[in-house]
Amino acid sequence: MDADAELLRSAGLRVTTPRLAVLRATASLPHATADDLLTALAAELPTTSHQAVYGVLAALTGAGLVRRIEPAGSPARYERRTGDNHHHIVCTVCGTIADVDCAVGHAPCLTPSETHGFAVTTAEVTYWGICDRCAAAEHDDVTTTAPAPTPA
């Protein structure tokens with residue numbers, strides 16, 4: 001039996017070709033945008049629309065099978081890794097996103113100084129930085145464009 005089909009059934013969702021295709025795509029493209037997923041589905045489901053992808057993502061997110069993240073300045077991203085309250089690190093140059101495990105190891109992994117009466121269940125942290133590839137490219141740009149030293 002197909003594991004993704006069983007996953008859909010156990011979440012109370014009907015098994016459809018678009019849902020299975022989006023689940024497969026989110027597994028192979030972590031942190032994908034809806035546009036990324038539509039492009040990934042083009043060969044398998046060429047008539048799939050943006051609206052259909054958004055509908056599937058809404059159903060999968062609502063069922064807890066896919067997680068939606070929204071880094072500042074970026075379109076919503078979708079991933080299969082759910083239920084562990086992990087965080088993300090985003091490159092400020094190229095936008096690459098990577099998972100960062102919870103700092104304490106259990107949800108929520110951050111304790112606020114004041115809860116205002118809320119029962120805290122999750123915490124979302126986004127770390128920002130420059131990935132190795134972009135840092136190397138910036139280093140290469142500096143070394144190739146720096147003026148030659150003048151002899152003394």
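## His 31 and its surroundings

His 31 touches quite a list of residues beyond its sequence neighbours up to four places away: Ile 69, Arg 77, Tyr 78, Glu 79, His 88, Ile 97, Ala 98 and Asp 99. Keep in mind that this is a predicted model. The residue sits in the loop between helix H2 (17–28) and H3. How much of His 31 is accessible, in relative terms? The figure is 7%, so His 31 counts as buried, the cut-off being under 20%.

One of those contacts deserves a closer look in the viewer. The side chains of His 31 and Asp 99 are joined by a polar contact of 2.7 Å.

## Ala 34, a little further on

Move along to Ala 34, and you are in helix H3, which covers residues 34–41. Ala 34 has a relative accessible area of 4%, and because that is under 20% it is buried too.

Which residues does Ala 34 contact once neighbours within four places in sequence are left aside? They are Val 53, Tyr 54, Leu 57, Ala 76 and Tyr 78. Tyr 78 also turns up among the contacts of His 31. There is a link across the chain to Pro 75 as well: Ala 34 and Pro 75 are 41 residues apart in sequence, yet their C-alpha atoms are separated by 8.5 Å.

## Arg 67 in strand S1

Arg 67 lies in strand S1, made of residues 67–69. Is this arginine buried or exposed? Its relative accessibility is 14%, and since the limit for buried is under 20%, Arg 67 counts as buried.

Its side chain reaches the backbone oxygen of His 86 at 3.1 Å. Setting aside neighbours within four places, Arg 67 is in contact with Arg 77, Tyr 78, Glu 79, Arg 81, Thr 82, His 86, His 88 and Glu 124. Some of these names should look familiar: Arg 77, Tyr 78, Glu 79 and His 88 are also among the residues that His 31 touches.

## The three-stranded sheet

Now for the sheet. It is open and built from 3 strands in the order S4-S3-S5, with mixed pairing. Why do S4 and S5 each have a side without a neighbour in the sheet? Strand S4 (97–100) and strand S5 (126–129) stand at the edges and have a single partner strand each, so one side of each is left free of a sheet neighbour. On average, neighbouring strands here are turned by 25 degrees against each other, ignoring direction.

Strand S3 takes in residues 87–91 and pairs with S4 in the antiparallel sense over 4 bridges. Along that pairing, His 87 stands opposite Val 100, while Val 90 stands opposite Ile 97. S3 and S4 form a hairpin with 5 residues between them, and Gly 95 in the turn has a positive phi of about 85 degrees. With S5, S3 pairs in the parallel sense, again over 4 bridges. There, Ile 89 has Tyr 127 of S5 as its bridge partner. S3 is mostly covered, with 4 of its 5 residues buried.

The sheet also ties back to the loop described at the start. Ile 97, opposite Val 90 in the sheet, is one of the residues touched by His 31.

## Where H1 meets H2

Over at the N-terminal end, helix H1 (residues 3–10) and H2 have axes that come within 10 Å and cross at roughly 115 degrees. The two helices are therefore roughly perpendicular to each other. The crossing is right-handed. On the H1 side, the contact is made by Asp 4, Ala 5 and Leu 8, and on the H2 side by Arg 19, Leu 20, Leu 23 and Arg 24.

## The whole chain

Stepping back, how many helices and strands does the protein have? There are 5 helices and 5 strands. Starting at the N terminus, the elements run α-α-α-α-β-β-β-β-β-α.

Of the 152 residues in the protein, 32% are buried. As for contacts with a separation of 6 or more, 44% of them are between residues 24 or more positions apart.

Conventions:
Residues are numbered from 1 along each chain as its sequence is written. This is a predicted model: local features need pLDDT of at least 70, side-chain atom pairs count only at pLDDT 80 or more; totals for chains, interfaces and linings use all residues. Side-chain values use heavy atoms; hydrogens and water are left out. Buried means under 20% relative accessible area, exposed over 50%, partly exposed in between (1.4 Å probe, protein chains only). Contact means heavy atoms within 4.5 Å. A polar contact is a pair of N or O atoms within 3.5 Å; within protein, one must be able to donate a hydrogen and the other to accept it, and residues adjacent in sequence count only if both atoms are side-chain atoms. Two strands pair if DSSP finds at least two bridges between them. Axes are lines fitted to C-alpha atoms, for helices over the stretch in contact, and angles run from 0 to 180 degrees between N-to-C directions. Angles under 35 degrees count as roughly parallel, over 145 as roughly antiparallel, 65 to 115 as roughly perpendicular and the rest as oblique. A crossing is left-handed if the near helix is turned anticlockwise from the far one by less than a right angle, and right-handed if clockwise.
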